[in-house]
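User: Could you walk me through the charged pairs and the cysteines in this protein? I'm new to reading structures, so keep it relaxed.

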Amino acid sequence: MTDRFSTTRRRFLQQSGLAGIACALPANNLFALTDRPVITVKNRAPLYASAFYPLPLGQIRPAGWLRRQLEIQALGLTGHLDETWPDVGPNSGWLGGKGESWERGPYYLDGLIPLAWLLDGATLKAKAQRYIEWILTHQATNGMIGPSSNDDWWPRIVALKALTQYQELTGDPRVVPLMDRYFRCQFTELPRRPLRDWGKFRWQDELLSVIWLYNRTGAPYLLDLGRLLHQQGYDWVAQYANFQYTQKITAEFIKLNEGGGLKDLALATHGVNNGQAVKTGPMWSLVSGLDSDRKAAAQMIADLDKYHGLPNGMFSCDEHLSGRDPSQGSELCTVVEYMFSLERVLAITGDAAFGDRLERLAFNALPGTLTDDMWAHQYNQEPNQVECSLHHKPWVSDGPESNLFGLEPNFGCCTANYHQGWPKFAGSLFFLSGESESDSRDGLVAAAYAPCEVRTTLRGTAVHIVEETEYPFRAKVQLTVNPAAPLEFSLQLRIPGWAAGTTIAVNGRREPDPTAGSFARVERLWKSGDRVEITFPMQPRVSRWFNDSVAVERGPLVFSYPVGESWVKLRDRGMTADWQVYPTTAWNYGLQMKSDGASDSISVTESAVSDVPFARKNPPVQLRVKARKVPEWRAEDGVANALPQSPVESHEAVEEITLIPYAAAKLRITAFPVLKA
Ligand SMILES: [Zn+2]
């Protein structure tokens, strides 16, 4: 697969004359965006305080493997989507054309903008700027933005998210007045043209932009607009205070064949809507001040896990909530929207558990559903995915292309929307901790771990932090803290829930042992060159899933048995192609475990992290476990049958099998039956 894709990539680069783009992205141009003094904006009264605040976009720059991953994305479909997919091409309604005029243009911008500026890529910036210019220069006299042929509020919710990112990156003075005029227009219009379907179920994403603007202008009507959105929007907090959707949602249940697809029942059980909804309670708590709202995200995730949870960190949604069987799928839009919700919820609540989940999605589910070169993606991924081919099983309401790798399998929403995943993750690695209204207690928070560099300002002093690590593949994270002058502040370090036994050392001196599932706080007078070393425990662990099956984990990575893969091209799709993947080896293994649930013996092999961090070829970590085949566990119509209830009996020979990171195995078994002792 790697060879074929690298050949394909060379061909693309030759065709498009962009073979030099990787070199055109400067490796260390960190000052380009920070010449302007940019301070972190906190919540303005009467809004309630957040635990943490996102640093202005651009202050965190990816490095190491994360930068390579973003470069792969830029060289892949993200960097070329407008050249090969008419829906975001020159005829887009968001460029003034007569083409697609709904959500696809804004979706693409929502990921293209942060990717372009985080890589400082001139070509990518120019692509994004064309859309931005059109939006900024075509505001209607009444304040409406976007294509006049479609007045749906929903795609504008996405466009606003893109505009706020662009403003933080560039300081473009046109953005704030444009958003103000738009919100005044919508505040007048909403009483007679209220939110409906997607907008009604995704109102919390607009609240994000309303609060963003209120924190910058303080215009009181914005809080009233927020209240109106809350009043017209769907009550997600109530849905999860008394959660009813505990079963696999069927097409009959939502009356799909009777036009129920956009009715409340379908939208309330829709995967992407639920992924976006995770942020609702905490977002609204900034207005309401209610502790119950702030805690609603944890409740929501607990219910989704209990009834629809999968070992890759996702809940099933193909495309409605579909139970815990690891042969059910999760839509790529839901992966990236869930990640974005977690990034916001983590900042508002300061609850470390949301960072654990964010990493689980970023390091497993996200790369697991894209090809190594990011030219093709799936609509639905399955933890136990034994074939990617045209089949109707097991999807609740999705079509037969749903787990193909391609340009727009099943439906093109994910094609437009997945671009936000990696760049927004990179922008969320650090937060500001604002512990008082003034800046006197401001500190920094390492919220998720990956190699990066931070350049920000605390109380007028420039602070530079270099994070060097190969986490999640390795145990050590090293932070070098460089304030421009000695400065006292707190540095909070997220200690994952799985990481009991983590050690922290500052300049070689051991800190008190931190508590797993919390933020460890190092408060001192920082001087340039101070070094913080965090060492996480990386022994393999086992977690329990559907029918008492097990998954094997190490750090934030989930591991899978890589089924042999035969990639068969279904058809060319412009600059990319649609692929089916067929199994070439057996996959029906049960694992040999001790009675206490620990695997009999799991051995670990580490090798170098390659230029494609999540590739199947040369995975950075491999585990060896003992297993036997379970003959009665088979596939039907390309789908692994429901896992047999563990423990299971097998008289097959004991084999030692190799597990690799979930994302590296595009055909895989992740939840295994456990063998009888
Ligand atoms: Zn989608």
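Below are some short questions and answers about salt bridges and cysteines in this model, which is predicted.

User: How many salt bridges does the structure hold?

Analyst: To count, a side-chain nitrogen of Lys or Arg has to sit within 4 Å of a carboxyl oxygen of Asp or Glu. Going through the structure with that rule gives a total of 47.

User: Which residue forms a salt bridge with Asp87?

Analyst: Start with where Asp87 is: in the loop between helix 4 (77-84) and helix 5 (104-118). Its partner is in helix 5, 17 residues apart from it, so the pair links distant parts of the chain. The closest N and O atoms are 2.6 Å apart, and the partner is Arg104.

User: Is Arg104 buried or exposed?

Analyst: The cut-off for buried is under 20% relative accessible area. Arg104 comes out at 10%, so the label is buried.

User: How many residues apart in sequence are the parts that Asp151 and Arg193 tie together?

Analyst: These two form a salt bridge, with 3.5 Å between the closest N and O atoms. Asp151 lies in the loop between helix 6 (122-137) and helix 7 (153-170), while Arg193 lies in the loop between helix 8 (175-189) and helix 9 (197-201). Both are partly exposed, Asp151 with a relative accessible area of 39% and Arg193 with 23%. In sequence, the parts they tie together are 42 residues apart.

User: What separates Arg227 and Asp224 along helix 11?

Analyst: Their side chains meet in a salt bridge, 3.0 Å from N to O. Arg227 is partly exposed at 39%, and Asp224 is partly exposed at 37%. Because they are three residues apart in helix 11 (residues 221-232), the separation is about one helical turn.

User: Which residues are linked with Asp110 in a network of salt bridges?

Analyst: Here the salt bridges join up into a network. Along with Asp110, the linked residues are Lys161, Asp205, Lys279, Glu337 and Lys424.

User: How many disulfides does a search of the whole structure find?

Analyst: A disulfide needs two cysteine sulfur atoms within 2.5 Å. For Cys317, the closest cysteine sulfur is 9.3 Å away, so that is too far for a bond. Across the whole structure, the number found is zero.

User: Which cysteine holds the sulfur closest to that of Cys317?

Analyst: Cys317 is buried, at 0% relative accessibility. Cys185 counts as buried too, at 6%. The closest cysteine sulfur to that of Cys317, at 9.3 Å, belongs to Cys414.

Note on methods: Residues are numbered from 1 along each chain as its sequence is written. This is a predicted model: local features need pLDDT of at least 70, side-chain atom pairs count only at pLDDT 80 or more; totals for chains, interfaces and linings use all residues. Side-chain values use heavy atoms; hydrogens and water are left out. Helices (H or I, at least four residues) and strands (E, at least two) are DSSP runs, numbered from the N terminus. Buried means under 20% relative accessible area, exposed over 50%, partly exposed in between (1.4 Å probe, protein chains only).
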